[in-house]
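Good morning, colleagues. I would ask you to keep the sequence and the model in view while I speak.

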Amino acid sequence: MRKRNEAVTLEHERPAGPPEPGCSLRRGLRLAGAASARPPGEPAMKRPLGRRYGLWFRLRKLLIWLLGIYIAIPFLVKLCPAIQVKLVFLNFVRVPYFIDLKRPQDQGLNHTYNYYLQPEEDVSIGVWHTVPAALWKDAQSKGQPWYEDTLGSNHPVILYLHGNAGTRGGDHRVELYKVLSSLGYHVVTFDYRGWGDSVGTPSERGMTYDALHVFDWIKARSGDNPVYIWGHSLGTGVATNLVRRLCERETPPDALILESPFTNIREEAKSHPFSVIYRYFPGFDWFFLDTITMSGIKFANDENVKYISCSLLILHAEDDPVVPFHLGKKLYNIAAPSRSFRDYKVQFVPFHRDLGYRHKYIYRSPELPRILREFLGKSEHAHHH
């Protein structure tokens, strides 16, 4: 008994030294065993559960926050109609960035001149005039008088009205100018007031008046050359507004071309991809569509075509994600039987979805030159007849 006690005493009094081999392993095993023997109510078991609960709490908080924003946006739009106006025009979106609109040659347009016209007091609009490719050599180093004089040469003129967002220097727009120039057309395009380097506040009335001013400017210089109006996307709304007004004053263009058109701005806004998350929101029309109408924005192509008396060509890609194909087809179905077109050609040209032209790449179609040649040739014959 005594020897056993002495052994215990000696063991406790043993000086600190290097641990015996396997000692740490045994201690670790004992600690692990002790931890596994803890009752289920101990804090160590609560830690994973607490972590999961914290993650769920944060996720739920984020979802509630997003839901609050989702519900608040319609009320914000209703209270501040200017927001909806900005979303329709998107004139603050300048793509591509950092281009000098005074220098169209930087975009590969070496036979283009930049003008500034003044439709109204305190309004200035930037205009590009691209001459037919056949005049490319003659155009080098020429100034504004030469460009204006060439409008009276024996070449037809296309007034191009672009859609929302971007400027007259947008990539797909520049590519279309090149195609049309190569086909022998003068191309005159401009930025509406509030777009690009044009000065003024955007509105449907103002955009239409800008287009009218440029049309009259062209007609004063083009003599008997045909003048066609080409509108794309939102520009189709400006185009039909303009042509209706021209027909009412009995100075119609020689033809109207609508690329990716809609019926009216309400139907387009309801079909636009931006509206998908709110399309089935209670009161969608009242919150969003009525706000657009109350801001004086209608772009009623479906009404305008009933008062237009000139040849009409509609181009639309089946895979258009911005202005659905069915809206262009619906507009054609309204226009075709209209009495105002009884002496004029109305044609609808679809582009199959497999071609991938979407909303703004119809200019890539190898069929486009033939389509324009056949349609505009017949338009000129019908007009002179």
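Let me begin with a term: a nonpolar patch here is made of residues with over 30% relative accessible area and no salt bridge, whose nonpolar side chains are joined within 5 Å. The model before you is a predicted one. With that understood, Tyr 53, Trp 56, Phe 57, Leu 59, Leu 62, Leu 63, Trp 65, Leu 66, Ile 69 and Ile 73 form such a patch on the surface. Together these residues account for about 1000 Å² of accessible area. Ile 73, one of the members, belongs to helix 3, residues 43-79. Its relative accessibility is 33%, so Ile 73 counts as partly exposed.

Let me now set this against the chain as a whole. The protein chain contains 14 helices and eight strands. Of its 385 residues, 45% are buried. The chain exposes about 20800 Å², of which carbon and sulfur atoms supply 58%. If one takes the contacts between residues at least 6 apart in sequence, 75% of them join residues at least 24 apart.

I turn next to helix 4. Which residues of helix 4, spanning 81-89, are buried? They are Gln 84, Val 85, Val 88 and Phe 89. These residues cover an arc of only 130° around the axis, which puts them on the same side of helix 4. The general principle is familiar: an α-helix has 3.6 residues a turn, so residues three or four places apart point the same way. Helix 4 is followed by Leu 90, which has a positive phi, near 50°. Further along, in the loop between helix 4 and strand 1, residues 112-117, lies Pro 96. The peptide bond leading from Val 95 to Pro 96 is cis, with omega near -5°.

Two buried polar residues deserve our attention. The first topic is Arg 193, in the loop between strand 4, residues 186-190, and helix 8, residues 204-222. Is Arg 193 buried or exposed? With a relative accessible area of 4%, against a cut-off of under 20%, Arg 193 is buried. Which acidic side chains does it meet? The side chain of Arg 193 makes a polar contact of 2.7 Å with that of Glu 120, and a polar contact with the side chain of Asp 210, also at 2.7 Å.

The other is Asn 304, which is found in helix 12, residues 301-304. Asn 304 is buried, at 4% relative accessibility. Leaving aside residues up to four places away in sequence, Asn 304 touches Gly 237, Thr 240, Asn 241 and Arg 244. With Arg 244 there is a polar contact between side chains, at 3.2 Å. Asn 241 is 63 residues from Asn 304 along the chain, yet their C-alpha atoms are separated by 6.5 Å.

Finally, I come to backbone geometry in two loops. Glu 250 is not a glycine, and still has a positive phi of about 65°. This residue lies in the loop between helix 9, residues 234-248, and strand 6, residues 255-259. Glu 250 is exposed, with a relative accessible area of 70%. Arg 358, likewise not a glycine, has a positive phi of about 50°. Its place is the loop between strand 8, residues 346-351, and helix 14, residues 368-384. At 40% relative accessibility, Arg 358 counts as partly exposed.

Thank you for your attention.

Definitions and conventions:
Residues are numbered from 1 along each chain as its sequence is written. This is a predicted model: local features need pLDDT of at least 70, side-chain atom pairs count only at pLDDT 80 or more; totals for chains, interfaces and linings use all residues. Side-chain values use heavy atoms; hydrogens and water are left out. Buried means under 20% relative accessible area, exposed over 50%, partly exposed in between (1.4 Å probe, protein chains only). Helices (H or I, at least four residues) and strands (E, at least two) are DSSP runs, numbered from the N terminus. The arc is that of the directions from the helix axis to the C-beta atoms. Patches are made of residues with over 30% relative accessible area and no salt bridge: like charges are joined within 9 Å, nonpolar side chains (Val, Leu, Ile, Met, Phe, Trp, Tyr) within 5 Å. Accessible areas come from the Shrake-Rupley method with a 1.4 Å probe; for residues, only the protein chains shown count as cover. A salt bridge is a side-chain nitrogen of Lys or Arg within 4 Å of a carboxyl oxygen of Asp or Glu. Contact means heavy atoms within 4.5 Å. A polar contact is a pair of N or O atoms within 3.5 Å; within protein, one must be able to donate a hydrogen and the other to accept it, and residues adjacent in sequence count only if both atoms are side-chain atoms.
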